[in-house]
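Dear colleague,

Please find below the structure I promised to hand over to you. My notes on it follow directly after.

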Amino acid sequence: MIDSIKKFLKAHSIDLGLTLGAICATCFLHWVGVFDFLELKTYDYRFHTVRGPLTGWRASDSTIINLGTDIVLVEVDDETWRILKDNKVPWPYPRGDIWAKVVDNLSKAGAKVIAFDIQFDSPDARSEYLRSVSGSLPSEFQQYLPGHGDIILAEAIQRAQENGTKIVMDVKMVREPTRIPPNYIAYPVPEIMEVNPETGLINDMLDIDGFSRQYSIAGYMPHDPDVAYLTLGVKCVKAFRDISDDAVPSFNADSLMWNFGPLKILSYGRTNNFLVNYYGPPSGYKIPGRADTRPWGTFPRYSFSQILDTQDYDLPEDIDWMSQFLPGQIPGWVLAIEDEAERNEMMVMLGLGSEFDITQTPFYNKIVILGVSVEVLHDVKSTPFYNYLDLSQLTPGMETHANAIQTMLHGNYIKVFGGKTTRYMIEGAPYPMANIILIFLLCLLAYVLLTKVDLHPISAGIIIFSEGVLYYAFAMGLFANDYWWFWKSTLANILPNALYDKLYDHLQVALPGPGESYMVPIVAPLAGLMLTYASNIIFQFLHEQNDKKFLRETFGTYISPEVLDKMYEEKQAPKLGGVEGYHTAFFSDIENFSTFSEALEPERMVALMNEYLTVMSKVILENEGTLDKYIGDAIVAFYGAPAPVENHEIKSCITALGMQDALDDLRKKWASEPDWPETVHSMRHRIGLNCGKLVTGNMGSEMRMNYTMMGDTVNLAARLESSAKQYGIYNFVGENIYEKAKDEFIFRFLDVVKVKGKNIPVKVYELVAHKKKVDDATLDLINIFDKGMDLYTQQKWDEAIIQFKKAEELEDHFTSRSTTPSAVYLKRCTMFIENPPGKDWDGIWTMISK
């Protein structure tokens, strides 16, 4: 076992090191924040596309899904801005006339907590102005000046507290470098603070892209690190849940949990922040393209002007809307109904005709957040639902508090694998071991697929891509609490609606309620897969090039590049010793080569042979042949080894005919060069081909070896080449070649022979031409010759002679051709007339020479 591991590590040390390097590089890049921006965008995508809103419009019939939110928004919206402007009330609104009245109305309507997302850290502007000019007014007019707005608002807050409504004012932690200490809390004006409202920090917590995804639990000042200044949202939960004033937030580093009295808050890493589980797009968001103009309604929202609209406050569009939720008041529009019966019926419908039921108001036992959404004040944030349904829309700052508060009340925190997914180095946090294990396992699987499964890089890439898609689908399903999400959404884009609806019925999963959203990192693990794939593929490519270079240097002079590539792809490098296989043996030899030696000087002879062998070897290699050796003027080659070659019998025939054409071109070239003798101009070579079982491999001694072939098939091919001169032909092939290539080429049956050294007779053929290139004269010659052969085998010698004479007239005669097959059979027929073979003659011709 240990030896096997050592052997594996030795054989895969580089690619395994590359994989571990990819894992380390991925973890490091994730730790320093390279992937943070993309990771945050995938986080947003999971909200606005994968999971979707938890409240608001959901179904196609525009029904509203209400998950029991505990928050009501009261907004200074466009409507309020317009109405109060028309009523000559400028911004900032007077605290005595406006804000105090709103506090009174909401408290009387049963609000449990009223939170201000508006700062009152400077005196009321109108009151200060009136105070500054009061000294110049006559004394009789000074008695009609209204009281100071800050005092009136403080009195309203005190009345609300006495009525059971808790008030939370926002404060900010401010830093002034020239101040000592530089950090301090900007509280509301003293008049308000004297009535002891709760206060909560509202300092923004933004990510690197300016989006609001996290929410702080408390703020701490460097000069007083032991004092926790709770944020507005936490203070609202404290007031709503009646958590004791003695409760102090404490952090459990093992569980990453903040404990604040009975409240438990899952932190985002080892910080005092948590991820806000946003419930939906801005409450005022309207679906693009929908005829229904009602807003989305993530949280119940009301216009600030509606809260002011009572019997004792006149507005330009006065309907006394808020009066229906206040004890002892009847809306003016109800009183305006002239018909008494109709008026009484309406009062009964609104519950105004009986004892006032405060539990029926939309504000009863709710946290009411007061803030602004009007665009001109720019109190807006980008949230994960910024691009919901492809419509970019900012969320009012007050609504980010609402989402954070509701997350704490429901306890539906975003559970994060490894504690957090971003800002490790910036916040000095170590890289989570859980993330290292996750990336390691994914990359290890990719490595196994790349190294253990012998795949083409493209096929391996497809498999690694599939691994990434499966992980992506798993990650998205975890967040949506629906493991079928990816496949359902993919099918929805592919299948017709009717078919998809049927399939969806079988895959339908309940929509996620509050909570159960689990977040795992996506970008870093996928980057790890990409780095693992890229590094190993590049290494394999370089390793492959080195191996191919070795093969070329070792075998390139006698094996074609195509065969070398096959050898590498099929891992079939030549082995020491012999390997038996079905191959084609090839022999060629120049006719009457001794005459060339006599006619040429040695240097000229070498130059001639180099040119000849170069051209002929090129033809062999172009047809995927393997050069065995040169024996003087002879060329020995074979097909189908060391790497398999499809249709090697046909390719050997193409080679033989191609070499004859190449030699014809050389003869023309030499004839145009005056320094070559006539012998060279008429050079011919004979080729012998045979296929069958033979042995190929490195053969020789331990000191010197040669990759060559052996076997009976090889011997027959050599005999065919040498005996071709007896028939006056130049392409002589065995029966196996004929059977495999007869559909592609024209052959002429020549004989059934016993070659010297063999007792088993074989049929032999002349390879004439490719069927697509043969001319009519050649076909006529073969037909006449075949008739003569039929008569010859029937021992009809005289009739055979007539056919062979006709064939001889069609044979190609040239100076260096000493005989032809027709001439050979004319002599045989004459011989058999004089010496008949007998009735039991089998037609076999025995060769007595090579």
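Glu-739 is partly exposed in this predicted model, as its relative accessible area is 40%. The salt-bridge partner of Glu-739 is Lys-742, and the closest N and O atoms of the two are 3.2 Å apart. Lys-742 is likewise placed in the partly exposed class, with a relative accessible area of 32%. Since the class of partly exposed residues runs between 20% and 50%, the value of 40% places Glu-739 within it, and the value of 32% does so for Lys-742.

A second pair has another setting. Arg-828 and Asp-751 form a salt bridge in which the closest N and O atoms are 2.7 Å apart. Arg-828 belongs to helix 29 (residues 821–834) and Asp-751 to strand 27 (residues 745–754), so this pair ties together parts that lie 77 residues apart in sequence. Are the two partners buried or exposed? Arg-828 is buried, with a relative accessible area of 5%, and Asp-751 is buried as well, at 1% relative accessibility.

Beyond this pair, there is a network of salt bridges with shared partners, which joins Lys-41, Asp-44, Asp-207, Asp-209 and Arg-213. Within it, Arg-213 forms a salt bridge with Asp-44, and here the closest N and O atoms are 2.7 Å apart. Arg-213 is situated in the loop between strand 7 (198–201) and strand 8 (214–216), whereas Asp-44 is part of helix 3 (residues 36–51); the pair therefore ties together parts that are 169 residues apart in sequence. Arg-213 is buried, its relative accessible area being 1%, and Asp-44 also counts as buried, at 4% relative accessibility. In general terms, side chains of opposite charge can pair when their charged atoms come close. The structure holds 31 salt bridges in total.

I turn next to the surface. Which residues make up the nonpolar patch? Leu-20, Met-433, Ile-437, Phe-440, Leu-441, Leu-444 and Val-448 form it, and it covers about 600 Å². Helix 15 (residues 433–451) provides the largest share of this patch, namely six residues. Phe-440 is located in helix 15 and is partly exposed, with a relative accessible area of 32%. Residues enter such a patch only at over 30% relative accessible area, a cut-off that Phe-440 passes with its 32%.

One small sheet arrangement should also be recorded. Three strands form an open, antiparallel sheet in the order 11-12-13. Its edges are strand 11 (250–252) and strand 13 (263–266), each of which pairs on one side only. From one strand to the next, the twist averages 25 degrees. Strand 11 pairs with strand 12 (residues 257–260) in the antiparallel sense, over three bridges. In this pairing, Asn-252 stands opposite Met-257 of strand 12. As a general matter, the strands of a sheet pair through backbone hydrogen bonds, either parallel or antiparallel.

The remaining points concern the backbone. Where are the cis peptide bonds ahead of proline? One is the bond from Trp-91 to Pro-92, with omega near 5 degrees. Pro-92 sits in the loop between helix 4 (78–86) and helix 5 (95–108). Another joins Ile-180 and Pro-181, where omega is about -10 degrees. Pro-181 has its place in the loop between strand 5 (166–175) and strand 6 (183–186).

Positive phi values also occur in residues other than glycine. His-378 has a phi near 60 degrees and is found in the loop between strand 16 (367–372) and strand 17 (380–381). At 63% relative accessibility, His-378 counts as exposed, because the exposed class begins over 50%. Gln-795, which is not a glycine either, has a positive phi of about 60 degrees. The loop that holds Gln-795 runs between helix 27 (776–793) and helix 28 (797–810). Gln-795 is partly exposed, with a relative accessible area of 25%.

With kind regards

Note on methods
Residues are numbered from 1 along each chain as its sequence is written. This is a predicted model: local features need pLDDT of at least 70, side-chain atom pairs count only at pLDDT 80 or more; totals for chains, interfaces and linings use all residues. Side-chain values use heavy atoms; hydrogens and water are left out. Helices (H or I, at least four residues) and strands (E, at least two) are DSSP runs, numbered from the N terminus. Buried means under 20% relative accessible area, exposed over 50%, partly exposed in between (1.4 Å probe, protein chains only). Patches are made of residues with over 30% relative accessible area and no salt bridge: like charges are joined within 9 Å, nonpolar side chains (Val, Leu, Ile, Met, Phe, Trp, Tyr) within 5 Å. Accessible areas come from the Shrake-Rupley method with a 1.4 Å probe; for residues, only the protein chains shown count as cover. A salt bridge is a side-chain nitrogen of Lys or Arg within 4 Å of a carboxyl oxygen of Asp or Glu. Two strands pair if DSSP finds at least two bridges between them. Axes are lines fitted to C-alpha atoms, for helices over the stretch in contact, and angles run from 0 to 180 degrees between N-to-C directions.
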